[in-house]
Amino acid sequence: MSQLLSLDFWSLVGAVSGIYAVFALGLQLQFGYTGLLNFGHVASMAIGAYTMAILVVKAHVPLWGASLAAIGAGMLFGAALSLPTLRLRADYFAITTIAIGEIVRYFALNEQSLTGGPLGTSNLGGSTQVTEYNTDWLSFQSTVQGWLHDLVGHYAGTDFAMLVIVWVIVLLCLLVLTPMTRSPWGRVLRAIREDEDAAAALGKPVAWFKLQSLAIGAGFGAMAGLLYAFEFQFFSPDDFDPLITFYAWLIVLIAGAARLWAVPIGALIFGLIFSGTRFFNFKPFTYLDAAQLAYLRLMIIGAILIALMAWRPQGLFGKREEMVLE
Amino acid sequence: MTELLQLVVNGLVTGTIYALGAAGISLVFGPLRIVNFAQGDYLTFGAFAAALVNITWGRDMVLATLFALVATAALAVAIEFVLWRPMRRRGAKTMSLFITSIGLAFILRSSILFVAGNGERSYRVDVFQSYSIGGIRISEPQLISITVALTAIAATALLLARTSFGRAIRALADSVELASVAGVDVDRMVISIWILVGMLAGLCGVLAGLVQSSFDANLGFNLLLPLFAAVIVGGVGSPYGALLGGLALGQVQELSTWSGFFGGVNPIWKPLIAFSVLVAVLLWRPQGLLGRARTL
Amino acid sequence: MSALLEVRDVVKHYGGIAAVNRATLDVEEGSITGLIGPNGAGKTTLFHIVSGFRKPEQGTVRFGGVEISGRSPDRVARAGLVRTFQHTKALTRMSVLDNMMLAAPEQPGERLSNVFLRPRRARRRERDVEVKAREVLAVVRLERHVDEYAGTLSGGQRKLLEFGRALMAEPRMVMLDEPMAGVNPTLGHELLDRVQELRAARGMTFLLIEHDLEVVMAVSDLIHVMSNGAVIASGPPAAVRASPDVIDAYLGKYGEPAAPAAPEEAS
């Protein structure tokens with residue numbers, strides 16, 4: 001019960017929700033605006049996290065440069081993902097993205113010398129060295145914590161600092177994406193979502209726009225990967241399970257297609273559901289052990305997906321007409 | 001040469017399982033337009049149903065397999081009544097149905113985990129009994145799997161090609177409206193299709209559990225992506241394509257490790273061969289081997 | 001003097017049948033040219049090939065003297081050749097106004113660099129595009145539906161919207177695929193009046209597929225007739241109407257119906 005009131009706990013929940021918000025914003029651009037069925041989005045997260053960690057630990061690149069490179073690597077991956085779309089129908093593209101996501105995870109799992117293999121980042125320096133990629137980040141976090149301390153006093157723990165940093169980034173992402181999606185550029189994306197042949201017949205270079213959408217969306221995914229790496233200070237291929245992509249889908253579907261500011265709200269709702277089940281400390285849930293509670297959580301997520309599709313396919317904030325017209 | 005033949009046989013073990021699983025996915029997509037992401041968990045359900053009879057109750061595998069067929073068929077029909085039919089009545093289209101199937105997959109898998117737990121299990125069969133035919137080794141489970149699977153594949157193909165049931169399925173796959181105008185009782189056909197698909201899935205799950213030395217609740221999901229790859233490679237509209245795609249994919253996967261093929265692919269990457277083949281085939285022939293070309 | 005659009009010996013097979021079988025035709029600049037023929041003659045397939053949605057197996061397509069065979073559809077459109085579709089492609093979940101504004105060429109706002117670095121330039125062009133879009137909507141009598149979802153329009157209104165969109169793209173030539181199908185006759189004749197005005201005022205060129213022979217005969221300078229994938233007759237309406245080959249094509253030899261449609265597309 002004390003955990004229910006712990007600021008640190010809720011800061012963690014909030015920070016993770018924010019990370020998922022950034023992740024889902026990338027998917028929203030690809031799917032909600034451009035209509036691309038990307039089911040391998042987690043791969044961009046993995047690429048972001050691993051690129052940064054490898055550059056910091058193995059090449060001794062300073063953290064900030066490594067992070068920028070990580071986002072760049074994510075964008076390159078997104079651009080590469082556009083190659084199959086040029087000839088594939090939507091559902092085939094979806095399966096291909098899952099496959100590509102798995103290939104990336106498999107790569108991380110098996111190329112031990114590069115990625116540390118199944119042991120993850122603790123193994124990046126080989127078994128003889130304990131490695132940290134996080135040192136610069138931790139000092140940045142402390143600085144922020146110091147500022148917050150001046151503002152709100154002793155509530156400012158490290159988790160709270162992280163929470164603030166993550167949500168400032170979420171806000172920045174929204175401020176960048178809003179003019180993009182409201183511009184003629186965004187209009188072309190939506191046209192591609194509706195009918196790419198019509199867009200092409202009007203002179204729009206559809207393949208180039210799809211590439212931009214995938215690349216930028218993957219850039220956001222990579223940024224989410226960075227934040228994830230900084231939050232948990234360690235990661236391994238298991239952290240980039242296909243399930244993560246489905247969480248992003250759930251968030252996007254809760255928010256509603258092509259709704260930007262609804263995505264963080266969807267992410268918060270998702271975060272609350274996810275962590276909320278931890279507090280089922282009352283009967284009949286006390287009969288369940290931790291593993292079973294985890295399975296219950298998955299069942300709830302599955303049920304929510306189905307309920308959304310049955311009763312509110314347009315999400316919380318989407319427009320009903322837009323669904324009916326599909 | 002022996003190495004090659006051994007790989008062909010191994011490919012047959014994998015390929016026949018892929019073919020059965022892929023046929024189930026294809027039979028659901030054609031008439032019902034459902035890309036069933038939960039199909040893998042139907043397989044897992046079958047494997048665990050057999051496990052209940054064979055491991056927990058200690059009965060023989062034949063009984064366990066029959067039980068799995070019936071149980072999975074029943075599950076499929078139940079889900080049709082509880083989920084798919086109501087969703088269709090609400091006018092759910094392909095995309096919504098796909099997302100729904102993802103939700104269903106979560107529910108099925110977590111239910112199995114909830115009841116049976118996360119551990120690995122093995123059927124009570126003699127995994128060490130193996131035969132050597134002309135230098136090619138095949139274990140008893142593998143031999144049984146190939147035999148049973150090939151029989152089931154042949155039976156399914158005949159069912160589709162020669163019976164009025166098969167014709168009705170193909171009519172539904174072409175157009176539900178036209179089929180019902182032609183006198184097909186769509187609702188009853190749908191139930192029959194789910195029964196067939198449930199049996200195929202149950203059988204596929206049991207055989208998959210049989211040839212792996214042990215399996216867990218992720219059995220079906222791990223197979224799902226190669227199964228989708230097989231369906232797409234074979235051509236989405238065609239159940240024969242799915243059977244063909246499954247067999248082909250199994251062969252390619254095993255043969256890729258052949259030393260004559262640029263020294264052979266490292267076996268670790270075998271699961272990903274299916275995906276690479278998928279991408280390659282789609283880039284060359286977007287409609288798959290037996291599929292029809294897209295129209296504008 | 002070469003024609004604006006020159007199609008030479010184009011061939012395309014589907015499933016073993018030649019949907020387009022050495023089709024050859026010209027469209028002169030500033031003309032209204034008709035393309036007629038029985039179902040399955042290959043007219044829409046030819047449209048797809050000319051507009052870049054399908055690649056020809058043999059033959060060439062030249063537009064404005066430049067070879068465009070095999071170019072992607074967006075490049076063909078940017079060269080000044082815009083088409084509409086037999087089954088209209090209204091962007092249903094976007095507003096009528098958005099549908100129109102999308103089609104305008106040269107929008108700096110479509111480049112991300114301009115969105116962030118030259119926002120005023122982008123905004124200025126947006127305002128001009130919006131003004132033009134509203135004008136064209138008035139021309140096609142859709143101005144009252146400006147802010148509605150295109151998905152709420154009737155079939156005939158969607159044809160008008162596609163026509164309006166094609167005009168927004170400021171093309172040299174417009175290919176109309178059955179512009180009258182499903183449109184009520186009054187609206188349909190309005191559309192044809194606009195076609196004639198645009199030709200007269202701006203020298204715009206039109207190629208139209210139409211099944212309503214009265215309409216096509218009345219409005220076209222020149223008509224091409226396709227049958228079984230080839231162009232079997234070309235000439236002014238009166239000549240084509242009287243041609244025995246054309247009558248044969250529609251009725252088949254000895255009064256039998258014409259050949260069955262090619263498996264993929266029927267027009």
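In the predicted model, strand S9 of chain C (residues 222–227) has five of its six residues buried, so this strand is largely enclosed by the rest of the structure. Two strands of chain C pair with S9(C). Strand S3 (residues 32–36) of chain C runs parallel to S9(C), and the pairing extends over four bridges. Within this pairing, C:Ile36 has C:Val225 of S9(C) as its bridge partner. Strand S10 (residues 230–235) of chain C pairs with S9(C) in the antiparallel sense, over five bridges. Here C:Ser227 is bridged to C:Ala230 of S10(C). S9(C) and S10(C) form a hairpin with two residues between the strands, and in this hairpin C:Asn228 adopts a positive phi near 50 degrees.

Chain C as a whole contains ten helices and ten strands. Its radius of gyration is 19 Å, which agrees with the value near 18 Å for a compact globule of 267 residues. Taken along the principal axes, the C-alpha atoms of chain C fill a box of roughly 65 × 40 × 35 Å. Of the 267 residues in this chain, 47% count as buried. Among contacts in chain C with a separation of 6 or more, 68% come from residues 24 or more positions apart.

Chain B has eleven helices and two strands. Along the sequence, these elements follow the pattern α-α-α-α-β-β-α-α-α-α-α-α-α. For chain B, with 296 residues, the radius of gyration is 19 Å, in agreement with the value near 19 Å for a compact globule. The C-alpha trace of chain B spans about 55 × 50 × 35 Å along its principal axes. In this chain, 51% of the 296 residues are buried. Residues 24 or more positions apart supply 76% of the chain B contacts that have a separation of 6 or more.

Helix H3 of chain B (residues 61–89) comprises 29 residues, for which a rise of 1.5 Å a residue gives an expected span of 42 Å; the end C-alpha atoms are 40 Å apart, which agrees. A bend of about 45 degrees occurs in H3(B) at B:Glu80. B:Glu80 is also one of the buried residues of this helix, and the others include B:Ala64, B:Phe67, B:Leu69, B:Leu75, B:Ile79 and B:Trp84. The buried residues of H3(B) also include B:Thr65 and B:Thr72. Packing of the buried residues of H3(B) is against three helices of chain B: helix H2 (39–56), helix H4 (94–116) and helix H8 (186–211). After H3(B) comes B:Gly91, with a positive phi near 85 degrees.

Between chains A and B, 31 residues of chain A are in contact with 32 residues of chain B. On the side of chain A that touches chain B, the elements giving two or more residues are helix H4 (90–110), helix H10 (242–255) and helix H12 (290–311) of chain A. H12(A) gives the most to this side, with twelve residues. By residue type, the side of chain A that touches chain B divides into 21 nonpolar, four polar and six charged residues.

Notes: Residues numbered from 1 in each chain as written. Chains lettered and ligands numbered in written order. Predicted model: local features only at pLDDT ≥ 70, side-chain atom pairs only at ≥ 80, totals over all residues. Buried ≥ 20, exposed ≤ 12 C-beta atoms within 10 Å, placed from the backbone. Pairing = 2+ DSSP bridges. Contact = placed C-beta atoms within 7 Å. Nonpolar A, V, L, I, M, F, W, Y, C, P; charged D, E, K, R; others polar. Rg over C-alpha atoms; globule rule 2.2 N^0.38 Å. Expected span 1.5 Å × (residues − 1). Bend = angle between axes of the 7 residues up to and from the residue.
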